[in-house]
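Reader: I'd like a close look at a single part of this model, please. Choose one and take me through it step by step.

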Amino acid sequence: MINSILNQGEKKSMSKKLLSAILCIFMMATVLVGCGSKPEENGSAAPAPEAEGVAVVTAEEVAAALKDGSAIVVDARSSDAYAGWATGGNTMGGHISGATDFSANWLSATFDDQNNLNGMTRAEHLQKYLEDKNIKAGTSVIVYDENGTDAAAVAEYFASQGISDLKTFNLGDWKEDLVSYANYQLYIPPTAVNDLIQGKEVAEIGPVKDLKILEISWGTAEQSGYLSGHVPGALHVNSDDFDDENNVYMLETDETLFNLAESLGITTESTVICTGNPIFSTRMAVILEYLGVNNVYVMSGGTTGWTDAGFELETEEIIPESVADFGITTPQNPDLIDTVAEVQEKRSDANFVLVDNRTEEEYRGETSGYSYFDMAGRIEGAVYGFAGVGNSSSMLYYENLDSTMRN
């Protein structure tokens with residue numbers, strides 16, 4: 001997990017900072033831990049699909065395949081369920097240890113083949129996922145789900161790609177512990193956000209004192225698309241409100257950031273859900289945690305994830321009610337964002353790694369990535385962070401095509 005974010009701007013107070021695309025990994029669940037719960041006895045679980053030519057296996061057979069490596073075990077549920085969430089149609093949060101994911105959502109989620117940051121079609125994304133997971137013709141694959149339909153859909157897609165040794169499994173029959181990602185709660189699915197909006201308690205979040213939903217994107221409410229549709233109750237935040245547009249988009253001063261939070265009615269006691277542009281929403285989440293908000297989350301899947309889940313968007317502009325006191329005046333988590341001086345000092349530490357989370361073209365110095373920024377290249381010693389390809393906002397190696405987090 002990345003604990004420090006490079007600051008390329010520095011005032012005398014060292015409060016001028018830059019948050020780069022590295023923030024899109026936020027404090028997300030990137031470390032696997034065996035802290036999942038054991039599935040409850042569930043006699044009502046949907047049976048595994050009995051697709052033509054696809055055998056149904058037992059829990060013992062799945063365990064044996066994982067132990068001897070004779071098959072790749074694939075979780076066909078949502079990426080949120082795989083990470084740890086029990087929400088929506090998936091009641092068993094986490095996944096079988098050793099299983100990879102290939103969500104049925106990727107086959108049907110809203111996606112624009114022509115206009116996307118990665119410059120790849122859905123088919124090309126899916127092919128990349130197969131390659132990344134070493135699933136190919138001749139591979140033995142066991143696909144599981146909870147609802148009896150996701151595994152069938154994924155198995156059908158695999159079969160169309162020449163993978164013939166396919167079997168399915170009903171996760172409800174698994175009696176061992178499931179595993180979840182550490183801090184998976186910080187990346188919250190739309191179904192859980194909707195529950196919070198409806199005033200329902202979400203177990204992973206706990207009691208909510210002051211719910212604030214933010215839609216973060218570049219531009220005014222009119223320019224950004226906010227008025228075309230946003231999560232109900234969301235307040236619009238222009239990324240220029242925290243990125244200094246007059247100073248190569250480096251992070252604004254602490255004073256400006258505190259004022260922004262207060263203008264949105266946010267205090268240290270608020271529960272904040274960040275939605276909208278994935279990079280900007282994650283950036284805002286890190287800023288709020290840096291300042292001292294105790295409960296900050298990023299909505300998984302973005303706006304299309306919300307509508308694909310069956311929820312309506314709102315087009316009314318919501319005017320925030322400001323507060324006079326954020327609760328504190330000094331950032332409570334200063335180590336989340338580093339200054340240039342701090343990074344320079346850490347570079348002499350053999351255990352310190354500086355990660356450049358830009359595209360490969362930017363890392364190699366072939367382009368700056370931005371029309372308003374002509375300095376190309378990288379900081380000496382920085383390692384390539386595999387952010388994305390082509391477009392400077394691409395996060396191909398961190399996000400799935402449905403804007404959920406890759407495993």
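Author: Happily, and a term comes first: two strands pair if DSSP finds at least two bridges between them. Strands here are DSSP runs of E with at least two residues, helices are runs of H or I with at least four, and both are numbered from the N terminus. This is a predicted model, where local features need pLDDT of at least 70 and side-chain atom pairs count only at pLDDT 80 or more, while totals for chains, interfaces and linings use all residues. Residues are numbered from 1 along each chain as its sequence is written, and side-chain values use heavy atoms, leaving out hydrogens and water.

The protein chain has twelve helices and 16 strands, so let's settle on one sheet. It is open and built from five strands with parallel pairing, in the order β8-β14-β13-β9-β10. At its edges lie β8 (187–188) and β10 (235–238), each pairing on one side only.

Start at the β10 edge. β9, residues 211–217, joins β10 in the parallel sense through four bridges, and Ser217 has Asn238 of β10 as its bridge partner. Helix α9 (residues 278–291) packs on the sheet, where it touches β9, β10, β13 (271–276) and β14 (295–299). Contact here means heavy atoms within 4.5 Å. The direction of α9 makes about 160 degrees with that of β13; axes are lines fitted to C-alpha atoms, for helices over the stretch in contact, and angles run from 0 to 180 degrees between N-to-C directions.

Now follow the chain through that helix: β13, α9 and β14 make a right-handed β-α-β unit. Right-handed means that, with the strands pointing away from you, the path from the first strand over the helix to the second runs clockwise. β13 and β14 themselves are linked by four parallel bridges, with Thr271 standing opposite Asn295 in β14. On to the other edge: β8 and β14 share two bridges, again parallel, and Ile188 is partnered with Met299 of β14.

As for cover, four of the five residues of β14 are buried, that is, under 20% relative accessible area with a 1.4 Å probe and protein chains only (exposed is over 50%, partly exposed in between).

Helix α6 (residues 190–197) completes the picture. Its buried residues are Pro190, Ala192, Val193, Asn194 and Leu196. They pack against the sheet strands β8, β9, β13 and β14, and also against helices α2 (79–83) and α10 (302–308). Just past α6, Gly199 adopts a positive phi of about 85 degrees.
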